[in-house]
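Student: I have just opened this one and would like to walk through it with you. Could we start with a single residue and work outwards from there?

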Amino acid sequence: QLSCLVKVVTLHGIPKDLDSYPKDLLLFLSPSDYAATGSCRQYFANIGKANLDVLQRESSQRKQLLVEALACLKIPGTQVNEENAEILGRLVCDLGGEYIKSSGGNLLKRLSQCESFLPDQEEAIRSVISSGNTTFGPPVEWSAFTLNELSGLIPVFNHSILQKIPK
C-alpha cells in the first residue's frame, strides 16, 4: 500500500511538503528523490522515526537504506557518535556487532527499542555492557532507572551480567 501511495504522491514530481507525509512513506523513496526538499541528513532523521518493520529485516531495500545512511552521515569506520545515533534512530537496529562494539554506549539506549537482535548484535551488546565503559556504568552500579532505560536489552543479558545487577 505504501509503495502504491508513493507512486501517487510523486506522480507529478516530489512534493515540497514531503516532511508532512507519514514517515513510513519515505521508506519507499531514495535520498536522491528527497534531495529536492531537504538534505540527506533530514531524510535519514525522518527514516529513523519510521516503522522500519514495514520492510523485512534482511531485505535488500532495508540494507541499502543503512548503507546510504552511513554514507550520508559520513561515518568513518564503525564508530557511531551520539549525534549520528540520534539521526539513525531505528536504523541502529540494523547495525552489525562491529558497530555496536566500536560505538560503546552511544547506541545502547536506541538499541533497547529494537524488536529483535541477530546473534552478533547480542554478543556485542553483552560485550559493551560487561565492559562497564558506558554512560550507564558497570551493571553493579545500576539502579531501577538504568534498568528501565535499557529494558529492551534485558532479554540479551546473560547470567554473568544479571548476577551483577543490584537487587
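Student: Is Arg62 buried or exposed?

Tutor: This is a predicted model, and in it Arg62 is buried, with a relative accessible area of 4%. The cut-off for calling a residue buried is under 20% relative accessible area, so the value of 4% for Arg62 falls on the buried side.

Student: Which side chain does Arg62 meet in a salt bridge?

Tutor: The side chain of Arg62 meets that of Asp53, with a distance of 3.4 Å from N to O. Asp53 is partly exposed, at a relative accessible area of 48%. Salt bridges that share partners also bring in Asp94, so that Asp53, Arg62 and Asp94 belong to one network.

Student: How many salt bridges does a search of the whole structure find?

Tutor: The search finds seven of them. One of these joins the side chains of Lys63 and Glu58, at 3.5 Å from N to O. Lys63 is partly exposed, with a relative accessible area of 44%, and Glu58 is also partly exposed, with a value of 46%.

Student: And what about Glu82, which residue does that one pair with?

Tutor: Glu82 forms a salt bridge with Arg110, and their closest N and O atoms are 3.6 Å apart. Glu82 lies in helix 6 and Arg110 in helix 8, so this pair ties together parts that are 28 residues apart in sequence. Glu82 counts as partly exposed at 40% relative accessibility, whereas Arg110 is buried, with a relative accessible area of 18%.

Student: Back to Arg62 for a moment. Which residues of helix 5 are buried?

Tutor: The buried residues of helix 5 are Arg62, Leu65, Leu66, Ala69, Leu70 and Cys72. Seen down the axis of helix 5, they fall within an arc of 165°, so they line one face of the helix. On the other side of helix 5, Ser60, Val67 and Ala71 are exposed.

Student: What covers the buried residues of helix 5?

Tutor: The cover includes helix 4, helix 6 and helix 7.

Student: How many residues does helix 5 have, and what span does it reach?

Tutor: Helix 5 has 13 residues and reaches 18 Å from its first C-alpha to its last, which is close to the 18 Å expected at 1.5 Å a residue. Helix 5 is followed by Lys74, whose phi is positive, near 50°.

Student: You listed Cys72 there. Which residue does a disulfide join to Cys72?

Tutor: That partner is Cys40, and the S to S distance is 2.0 Å. The pair links distant parts of the chain, because Cys40 is in helix 4 (residues 40-47) and Cys72 is in helix 5 (residues 60-72), 32 residues apart. The torsion about the S-S bond of Cys40 and Cys72 is about 90°, so the disulfide is right-handed. As for accessibility, Cys40 is partly exposed, with a relative accessible area of 30%, while Cys72 counts as buried at 9%.

Student: How many disulfides does the search of the whole structure find?

Tutor: It finds two disulfides. Besides the link from Cys40 to Cys72, a disulfide joins Cys93 to Cys114, with an S to S distance of 2.0 Å. The link of Cys93 and Cys114 is left-handed, with -90° about the S-S bond. Cys93 lies in the loop between helix 6 (82-88) and helix 7 (97-103), and Cys114 in the loop between helix 8 (108-111) and helix 9 (119-131), so the pair ties together parts that are 21 residues apart in sequence. Cys93 and Cys114 are buried. With bonded cysteines counted along the chain, the disulfides follow the pattern 1-2, 3-4.

Student: Zooming out now, how many helices and strands are there in the chain?

Tutor: There are eleven helices and zero strands. Of the 167 residues of the chain, 43% count as buried. Among the contacts in the chain with a separation of 6 or more, 51% come from residues 24 or more positions apart.

Student: Since this is a prediction, where is confidence lowest and where is it highest?

Tutor: Confidence is lowest in helix 3 (residues 31-34), at a mean of 68, and highest in helix 9, at 95. The chain averages a pLDDT of 86, and 86% of the residues score at least 70.

Methods. Residues numbered from 1 in each chain as written. Predicted model: local features only at pLDDT ≥ 70, side-chain atom pairs only at ≥ 80, totals over all residues. Heavy atoms only, no water. Disulfide = S-S within 2.5 Å. Helix = DSSP H or I, 4+ residues; strand = E, 2+ residues; numbered from the N terminus. Buried < 20%, exposed > 50% of the residue type's maximum accessible area, 1.4 Å probe, protein only. Expected span 1.5 Å × (residues − 1). Arc of directions from axis to C-beta. Contact = heavy atoms within 4.5 Å. pLDDT = per-residue confidence, 0-100. Salt bridge = Lys/Arg side-chain N within 4 Å of Asp/Glu carboxyl O.
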